[in-house]
Amino acid sequence: MTATLAARTRPPALRHLLDVRFVAAVLLLWTVLRLVSTVILVQVAHHWQDPVVYDDSGTPRYFQFATLWDGAWYERIATEGYPEQLPVDARGQVRQNPWAFYPIFPLLARALMALTGWSFGVSGVVVATVLGYAAAVLVAGLLREKVGTAAALGGVTLLGAFPSAPTFQVAYTESLALLLLAAVLWLLVRENWWWAGVVALLTGLARPIALPLGLVALVCVVVRWRRRGQAPITRREGAGMLAALVGCGLAGLVWPTIAAWRTGVPDAYPVTMSSWRGGETVTPFLPSIERAQWLWGDVLGLVVLAGGLGLLVLAVLGPWAARLGVALRTWCLGYALYLFAALDPWTSLYRYLMLLFPLYVIMVGGGWDPGSRQGRGGRGDQPRWLLVVRTVVLAALMVAWQVWWTWYLFRFVPPSDYPP
């Protein structure tokens, strides 16, 4: 009986989820979307960007444009490394410095620079673009396992067309973060605990997403524990479950620990992060509340913030998201809560929201469970053409928004500007 149950619940083999035709469709789709972003970036770089940001190094303007903002910090890390001492101003307050930026991406770019002799502008763009393709395939495979082929392709389409999607092909860490996140989530979905812990640990050197990932791992472990009567947990699996939790926990500590060790300052990472707020310590939830009140007023701001959070909860927990499963729904809620608590939300929010990629499945109508009571005779058995139409319309709107994002946010207006 147990063996029969295990056979029924065993996930499909990866070779079936990532078959040649499906992967080719994902790569073609992603290429089209990256070409669209390339056209937008080239137009802004050559016709709208103030030429004061360019130098005469011989690197084409496109690649210099692609290393603006955070890219300039990653170039500094790739070429100079991290400082042994935290820089301070005349008042002794820590200034903005490279320790705020995680090392995997600039180290990959530096390795490519050493192998090819390319500049950082070219190497950073190549690394980000290649990682973006790999991330698209992993996201598509994960979504396909949960919601099927059509909805998975729809979700990837909106991800690639998102307003801040140009960061998948400039010197930013969005591609790397998405790749590692999709890998950890897929490993947790498939209950491959040991590898989930290992890859989760890598996120601690790529992007600060360990806390919400730890929540996902904890929920997945609890769900598996509740099934132990039907499918007993072996010692090895139990150890793997613990390893997944430990990996997520350590991921949040590894980079602050390295920064403290290298600089000799125990709180090197948090004081560096606070330098972006003029030295002000970030109080959980307060920046989000203050930003909402600044935009819409003291009372209306709280109403808008509460309404937005309520809409997110409704979207994730409703029957239209049933096929996403526990792990992806938990990620959406946990990551949104993390952003609400830890982020000083402003223009960078566009980039952070891309990691909520399961929501794009809901937007195209691919999250309904056809086997549920709501699905039978309702939205779950919708014709495929309707999903395609939704996807095309939403993608077109996002591409138009992408034009605005690149022109208004990624383009640098001297002497200072809003960061993307």
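## A walk through the helices, loops and cysteines

At 52% relative accessibility, Leu317 counts as exposed, because the cut-off for that class is over 50%. Please keep in mind that this is a predicted model. Leu317 belongs to helix α15, which covers residues 298-317. Once residues up to four places away in sequence are set aside, Leu317 touches Arg329 and Leu333. Thr167 offers a long-range reference point: 150 residues separate Leu317 and Thr167 in sequence, and their C-alpha atoms are 30 Å apart in space.

Val94 gives another pair to look at. Its C-alpha atom and that of Thr272 are separated by 6.4 Å, with the two positions 178 residues apart along the chain. Val94 sits in the loop between α5 (70-80) and α6 (104-116). Is Val94 buried or exposed? With a relative accessible area of 19%, Val94 is buried, because buried means under 20%. Not counting residues up to four places away in sequence, Val94 touches Leu86, Pro87 and Val88, and also Val271, Thr272 and Ser275.

### Helix α3 and its partners

Two packed helices are described by the angle between their axes and the distance between the axes. Helix α3, residues 20-47, packs with helix α19, residues 384-410, at an angle of about 35 degrees, and the axes are 10 Å apart. The crossing in which α3 passes α19 is right-handed. On the α3 side, the contact is made by Val36, Ser37, Ile40, Leu41 and Val44, while α19 brings Val399, Gln402, Val403, Thr406, Trp407 and Phe410. Sorted by class, the contact of α3 with α19 has 8 nonpolar and 3 polar residues, and no charged residues.

Helix α7 (residues 120-147) is another partner of α3: the two axes come within 10 Å and cross at roughly 130 degrees. How does that angle classify the pair? It makes α3 oblique to α7, because angles over 145 count as roughly antiparallel, 65 to 115 as roughly perpendicular, and this one fits neither range. The crossing of α3 and α7 is right-handed. From α3, the contact draws on Phe22, Val23, Val26, Leu27, Trp30, Thr31 and Arg34; from α7, it draws on Gly132, Tyr133, Ala136, Val137, Ala140, Gly141 and Arg144. By class, the contact of α3 with α7 has 9 nonpolar, 3 polar and 2 charged residues.

### A glutamine in a loop

Which loop holds Gln169? Gln169 lies between α8 (149-161) and α9 (174-189). Gln169 is buried, with a relative accessible area of 3%. Leaving aside neighbours within four places in sequence, Gln169 is in contact with Arg34, Ser37, Thr38, Leu41 and Tyr62, together with Val125, Ala128 and Thr129. Some of these names will be familiar from the helix contacts: Ser37 and Leu41 take part in the contact of α3 with α19, and Arg34 takes part in the contact of α3 with α7.

### Cysteines

How many disulfides does a search of the whole structure find? The search finds 0. Cys220 is in no disulfide, and the nearest cysteine sulfur, that of Cys248, is 9.5 Å away. Cys220 counts as buried at 10% relative accessibility. Cys332 is likewise in no disulfide; for Cys332 the nearest cysteine sulfur is that of Cys220, at 13 Å. Cys332 is buried, with a relative accessible area of 0%. Those sulfur separations explain the absence of these bonds, because a disulfide needs cysteine sulfur atoms within 2.5 Å.

### Backbone details

A few backbone values may interest you when you inspect the torsions. Here are two residues other than glycine with a positive phi.

| Residue | Phi | Location | Relative accessible area |
|---|---|---|---|
| Glu191 | near 55 degrees | loop between α9 and α10 (193-203) | 25%, partly exposed |
| Phe285 | near 75 degrees | loop between α13 (268-274) and α14 (286-296) | 33%, partly exposed |

Where does Pro415 lie? Pro415 is placed in the segment after α19. A cis peptide bond joins Pro414 and Pro415, with omega at about 0 degrees.

Technical notes:
Residues are numbered from 1 along each chain as its sequence is written. This is a predicted model: local features need pLDDT of at least 70, side-chain atom pairs count only at pLDDT 80 or more; totals for chains, interfaces and linings use all residues. Side-chain values use heavy atoms; hydrogens and water are left out. Helices (H or I, at least four residues) and strands (E, at least two) are DSSP runs, numbered from the N terminus. Buried means under 20% relative accessible area, exposed over 50%, partly exposed in between (1.4 Å probe, protein chains only). Contact means heavy atoms within 4.5 Å. Axes are lines fitted to C-alpha atoms, for helices over the stretch in contact, and angles run from 0 to 180 degrees between N-to-C directions. A crossing is left-handed if the near helix is turned anticlockwise from the far one by less than a right angle, and right-handed if clockwise. Ala, Val, Leu, Ile, Met, Phe, Trp, Tyr, Cys and Pro count as nonpolar, Asp, Glu, Lys and Arg as charged, and the others, Gly among them, as polar. Angles under 35 degrees count as roughly parallel, over 145 as roughly antiparallel, 65 to 115 as roughly perpendicular and the rest as oblique.
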